[in-house]
Each structure stands twice: as C-alpha cells, then as structure tokens.
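Visitor: I have a structure open and I'd like to learn how to read it. Could you walk me through it?

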Amino acid sequence: MPLYVEKKPERLITEEGVRTDGRLPHEIRPIRMTVGVLERADGSALVEWGGNRILAAVFGPREVHPKHLMLPDKALVRARYNMAPFSTPERRRPGPDRRSVELSKVIREALKPAIFVENYPGAVIDIFVEVLRSDAGTRVAGVTAASLALAHAGIAMRGLVAACAAGRVGEFVVCDPNHDEDMWGEADMPMAMMMESRKITLLQIDGPMTPEQFEEALNMAKRGIEFVYELQKEALKRPYVLVERRIRGV
Amino acid sequence: MLESESVVNTLLRDYLYDLVKEGKRLDGRTFDEIRPIEVKEGTFTKSEGEAWIKLGKTQVLVGVKFDVGEPFPDTPDKGVLVTNAELLPVASPTFEPGPPNEDAIEISRVVDRAIRSADAVDLNNLVIKEGELVYMIFLDMYVLDHDGNLDDALTIASLIALGRAKYPKVIYKGDGDVEVLDEKESLVLKDLPINFTFVKIGDALLLDPVLEEEMVAEASITIAINQEGKVCSIQKRHGYFTMEEIKKAVEIGRSKWTDVASVIRREI
C-alpha cells in the first residue's frame with residue numbers, strides 16, 4: 001500500500017498535439033544551467049531541466065587509485081550516476097542498482113570520446129552525476145551537466161557534449177519527453193552529440209518506432225541538442241561576462 | 001576530523017597554531033563565531049521537506065520523505081524516524097563512492113541523537129493504527145561540499161527540512177491498508193536541538209571549524225543544546241578535553257543557540 005500512487009492521465013496528447021504539461025511536440029522544458037556551484041570539486045554544474053535537478057562534479061586529472069587501473073598512455077575516465085534517496089516520489093534505497101550501473105556506463109561512453117584522454121597519461125578523470133530530483137530525462141540532463149563540469153574543470157575536450165531525448169506518444173514524435181510520457185508513452189530515445197563534429201555519442205531507444213518516426217525522432221532530438229548546446233555555452237561564459245561587467249562598471 | 005582528510009602539512013599546522021596564539025583564525029572570525037548560514041532558494045528534491053544550506057563554504061542538502069509501515073515492537077505508539085547521511089564523492093577529492101563509511105555513520109547518528117534526545121519530532125503524532133501502522137520519516141542528509149563542520153550544517157539543514165515537511169493524511173482501512181488523502185499535515189517540531197562543534201587548537205576552543213582547522217586540531221567535540229538550554233547530546237571525537245573546556249564549550253553553545261535558532265525559525 002504505497003503512500004505515493006502514480007495516476008495515469010486520461011490521455012497523453014490531444015489530437016492537436018498538446019501534451020500533458022501544455023507543450024507542443026517540438027517544445028523543450030525550461031532549462032537553467034549554472035557552473036561552479038561547488039567549492040571543492042575541480043569542476044561542477046547544476047542543471048535544472050523541467051523538474052529535474054542534476055548536480056555534476058569532476059575531479060581530475062588526478063592520481064589513479066587503485067594503481068593497477070592506471071593506463072600508461074591515456075587518462076582513465078570514470079563516471080558514476082547516482083540517485084538521491086529523496087529524488088523520487090517514493091524514497092529510494094541509497095546505493096547503486098542495476099539501472100544506475102548501466103547509466104553510469106552510457107554516460108561515461110557519451111563523454112569519453114570528447115575528452116583528449118591522451119593528454120593525461122596515467123591520470124584519472126572522475127565524473128560524478130548526482131540526481132537530486134528526477135522528472136524524466138535524467139541521463140540526458142546528466143550528460144549535459146557532466147559535460148559542463150568537465151569544461152569548467154578545464155579538461156581538454158574536442159568540444160562540449162550536449163544531450164536531449166525524443167520520444168513517441170501515440171502517433172506523435174515529441175521532443176524531451178516529460179514524466180507522463182516517459183511512464184506511459186510508446187517510445188523513448190535519449191541522445192547525446194559531440195558538438196564540434198555533430199557525432200552521436202549516446203543513443204538508446206526503448207519502444208517501437210517506424211523508420212519514418214525514427215528519422216523524425218533523430219531530427220527532433222538533434223534540434224533539442226542544439227538548443228541545449230547554446231545554453232551550455234551561455235552558462236560557461238556567464239561568470240566571465242559578470243566579471244567583465246564589473247570591470248567595466250556597467 | 002574525518003580520517004580521509006588527515007594528511008596535513010606541518011606548515012599549515014604551525015601557521016594555524018601561531019594564529020590562534022595571536023587570538024586569530026584563518027578566516028578572520030573570532031573563536032566563538034559561526035560562519036554565515038545561507039539557505040538556498042528553490043526546489044531541489046522530490047521530498048516533502050528540504051533544505052540546501054551553506055555554512056560558509058560547506059554545503060549540505062537534506063530531504064525528508066514519508067512512508068507508512070509497521071512500528072518497532074517496543075514503541076507501538078510512535079512513528080519511526082530513520083536518518084541516513086552520505087558523504088558524496090562530489091563533496092571532497094578524498095570522499096569515495098560506496099556504502100556509508102564510519103564517518104558518515106557517526107555523523108548521521110550524531111544528528112539523529114540530538115533530534116531524538118530532545119524529542120524534537122513528535123513521533124506520538126505519527127501513529128495511524130497503534131501497533132500496526134505508523135508513519136515513517138526518512139531524513140536523508142547529503143553532503144555536497146566539505147569545508148568543515150558537517151555536523152552542525154547537517155543539523156541546521158535537518159531541522160529546517162523537518163520543520164518544512166508536510167505529509168499526506170491517510171484513513172486507515174484495516175489490514176494494513178490506507179486511503180491516501182490530498183490533504184497535508186505539517187510535521188510538528190517541538191524543540192530545536194542545535195549542534196555546536198568545537199575543535200581544540202593549543203589552548204583555544206574554536207566554534208564551527210573550517211576544514212583546515214579540523215585537520216590540525218588536537219581534539220573535537222559536538223554538543224547539542226535545546227531551547228531550554230539543556231545539553232541533549234554530546235559526541236567527543238578524537239583527542240581529549242578538560243572538564244573546564246567542556247563546560248566552557250557548553251556555555252558558548254548556550255549563548256549562540258538563539259542566533260542559530262532564529263535562522264532556522266525564519267526559514268521554516
């Protein structure tokens with residue numbers, strides 16, 4: 001007898017394509033990004049994306065422990081995706097489960113291609129993604145936050161990695177699925193791209209799509225990603241813009 | 001002092017001891033001065049009561065969640081309070097992922113003991129059906145940025161989060177089953193047991209130590225004072241204190257209680 005019962009909405013999308021949160025299919029939720037929220041991490045970022053609150057921190061390049069994991073010619077990259085006990089409607093037991101182990105891996109593999117690992121032989125770069133509040137799309141928000149934290153830590157990268165999901169609700173392909181669509185929609189497709197080359201570094205699909213829908217979903221996710229990328233650049237520059245304003249006295 | 005932070009260079013140690021001899025501290029505070037407490041605005045969790053606070057550069061996030069379940073056999077007429085602290089690897093280069101270690105378990109128990117010994121949360125109010133079904137409160141403490149004195153920061157954040165917490169009313173339907181109503185009830189905080197942590201450097205007792213002070217200190221102690229000025233719990237950590245030092249620490253804690261309590265009350 002759970003204290004928190006999920007209620008399925010009567011319908012997920014209207015014939016006109018209006019979604020349960022009032023968005024149209026191509027629209028993305030409000031996003032706010034802040035870098036440098038933590039003092040002791042080498043790089044950090046907080047991403048507020050719809051109802052998601054994702055904190056990412058990066059440590060490194062630093063010495064590898066345990067030593068036998070050290071790679072002689074490049075940096076070791078480690079990532080941990082972790083959900084807070086208070087991040088879900090029902091309290092989650094702390095500690096990793098099978099889902100977070102998989103997400104840690106796909107997040108690492110989404111970011112690693114963008115890092116110049118050969119610049120840091122014998123070192124480790126640790127990436128931590130903490131989900132403080134979850135509301136569908138935590139892995140794409142996590143990749144987005146982690147990429148910001150890497151850049152904020154000054155890690156040499158080919159470019160930022162930005163991410164966004166697309167999905168299918170009934171016959172509609174939608175951008176950035178919300179909680180209802182994630183729970184009861186037909187398909188979910190998180191995607192991440194290295195922005196300097198537009199190469200895809202994360203792609204997962206859960207749910208059937210026709211070839212046409214798949215292509216539409218790819219385009220939908222790509223448009224979302226490009227929007228997210230603009231916000232990332234703005235977030236990274238913001239502290240410097242503020243300093244510049246202060247210096248110029250405006 | 002957390003075990004993991006214990007590598008200190010002698011220069012820092014000498015510098016801090018010399019400063020203390022001159023009556024000064026690293027960040028310019030007086031010995032019995034608490035760093036500014038800032039409560040971050042916004043919603044960061046999916047809990048029923050939360051607080052993200054900064055104590056100087058130390059940052060913690062506490063979330064309170066509710067569930068229903070069986071009471072403990074020895075307290076069939078009381079709700080259940082479960083506390084848990086995690087020293088996240090984001091908080092310090094020396095914190096590693098994994099199950100709570102000795103330090104995390106001690107911190108969570110120190111906060112828990114302050115709250116419980118002062119009877120701050122009215123657990124009698126949280127019974128749905130005596131002996132069968134009660135509310136369970138989960139107090140989850142997340143350390144985000146470690147710059148010393150996690151205990152006091154977590155206590156302050158926990159009291160704010162508990163004070164803000166609202167749980168759904170339920171109707172007991174028998175057989176361990178309930179109907180969940182839309183109406184919410186506020187958790188009742190009957191007291192504010194506030195922890196005050198001191199470290200000893202030379203002959204001085206420093207309230208609210210920063211990380212460097214914790215690292216070089218000879219001894220540390222955490223004392224919880226409630227609204228009546230009573231000592232509710234004490235945890236002496238490493239090192240030793242004289243009777244006079246402990247009495248002095250209690251007096252300083254009592255004199256600072258109102259300042260901290262007013263911040264907590266303002267934020268609830």
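Visitor: Which strands of chain A does helix H1 lie across, and at about what angle does H1 run to E4(A)?

Guide: One thing before we start: this is a predicted model. To read a helix on a sheet, look for the strands it lies across, then compare directions. Here H1 of chain A, residues 98–111, lies across E4 and E5 of chain A, and H1(A) runs at about 140 degrees to E4(A).

Visitor: And which strands does helix H2 of chain A touch in that sheet?

Guide: H2(A), residues 138–152, packs on the sheet and touches E1, E2, E3, E4 and E5 of chain A. The direction of H2(A) makes about 150 degrees with that of E2(A), the strand at 43–49.

Visitor: Let's take the sheet itself. In what order do its strands come?

Guide: Read across the sheet, from neighbour to neighbour, rather than along the sequence. In chain A you get E1-E2-E3-E5-E4, an open sheet of 5 strands with mixed pairing. The edge strands are E1 (31–35) and E4 (76–83) of chain A, each pairing on one side only. As for twist, neighbouring strands here are turned by 15 degrees against each other on average, ignoring direction.

Visitor: How many bridges join E3 to E5 in chain A, and do those strands run parallel or antiparallel?

Guide: There are 9 bridges between E3(A), residues 52–63, and E5(A), residues 123–133, and the two run antiparallel. If you want a pair to click on, try Leu55(A), whose bridge partner in E5(A) is Glu130(A).

Visitor: I see another sheet in chain A, with the order E7-E6-E8-E9. How many strands does it have, and what is the pairing?

Guide: That one is an open sheet of 4 strands, and its pairing is antiparallel.

Visitor: Why is one side of E7 and of E9 in chain A left without a neighbour in the sheet?

Guide: E7 (172–175) and E9 (199–203) of chain A stand at the edges with a single partner strand each, so each has one side without a neighbour in the sheet. On average, neighbouring strands of this sheet are turned by 30 degrees against each other, direction ignored. For the pairing of E7(A), look at E6(A), residues 161–169: 4 bridges join these antiparallel strands. Val169(A) has Phe172(A) as its bridge partner in E7(A).

Visitor: Which strands of this sheet do the helices H1(A) and H2(A) lie across?

Guide: H1(A) lies across E6, E8 (187–194) and E9 of chain A, at about 175 degrees to E9(A). H2(A) also lies across E6, E8 and E9 of chain A, and its angle to E6(A) is about 170 degrees.

Visitor: Now for the empty space. How do I find out where it is left?

Guide: Rolling a probe the size of a water molecule over the atoms shows where empty space is left. In this structure the largest pocket has a volume of about 610 Å³. Its lining has 28 residues, and Arg99(A), Ala136(A), Gly137(A), Arg139(A) and Asp182(A) lie nearest the centre.

Visitor: Which element gives the most to that lining, and how do the residues split by class?

Guide: H3(A) gives the most, with 4 residues. By class, the lining has 10 nonpolar, 7 polar and 11 charged residues.

Visitor: What about the second largest pocket: which residues lie nearest its centre?

Guide: Look for Leu3(A), Tyr4(A), Val5(A), Pro89(A) and Lys184(B), out of 18 lining residues. The volume of this pocket is about 530 Å³. Strand E8 of chain B, residues 177–186, gives the most to the lining, with 4 residues, and the classes come to 7 nonpolar, 2 polar and 9 charged.

Visitor: And how many cavities of 30 Å³ or more are there?

Guide: A search of the whole structure gives 2. The largest has a volume of about 40 Å³, and residues lining it include Ile34(B), Leu55(B) and Phe196(B). E9(B) gives the most to that lining, with 3 residues, and the lining divides into 6 nonpolar, 2 polar and 2 charged residues. The second largest cavity has about 30 Å³, and Val110(B), Arg113(B) and Gln235(B) are among the residues that line it. There, E12(B) gives the most, with 3 residues.

How values were computed
Residues numbered from 1 in each chain as written. Chains lettered and ligands numbered in written order. Predicted model: local features only at pLDDT ≥ 70, side-chain atom pairs only at ≥ 80, totals over all residues. Heavy atoms only, no water. 1 Å grid on protein atoms, 1.4 Å probe; cavity = no way out; pocket = protein on both sides within 12 Å on 5 of 7 lines; lining within 4 Å. Points joined across faces, edges and corners; volume = space filled by probe spheres on them. Nonpolar A, V, L, I, M, F, W, Y, C, P; charged D, E, K, R; others polar. Pairing = 2+ DSSP bridges. Axes fitted to C-alpha atoms, helices over the stretch in contact; angles between N-to-C directions. Contact = heavy atoms within 4.5 Å.
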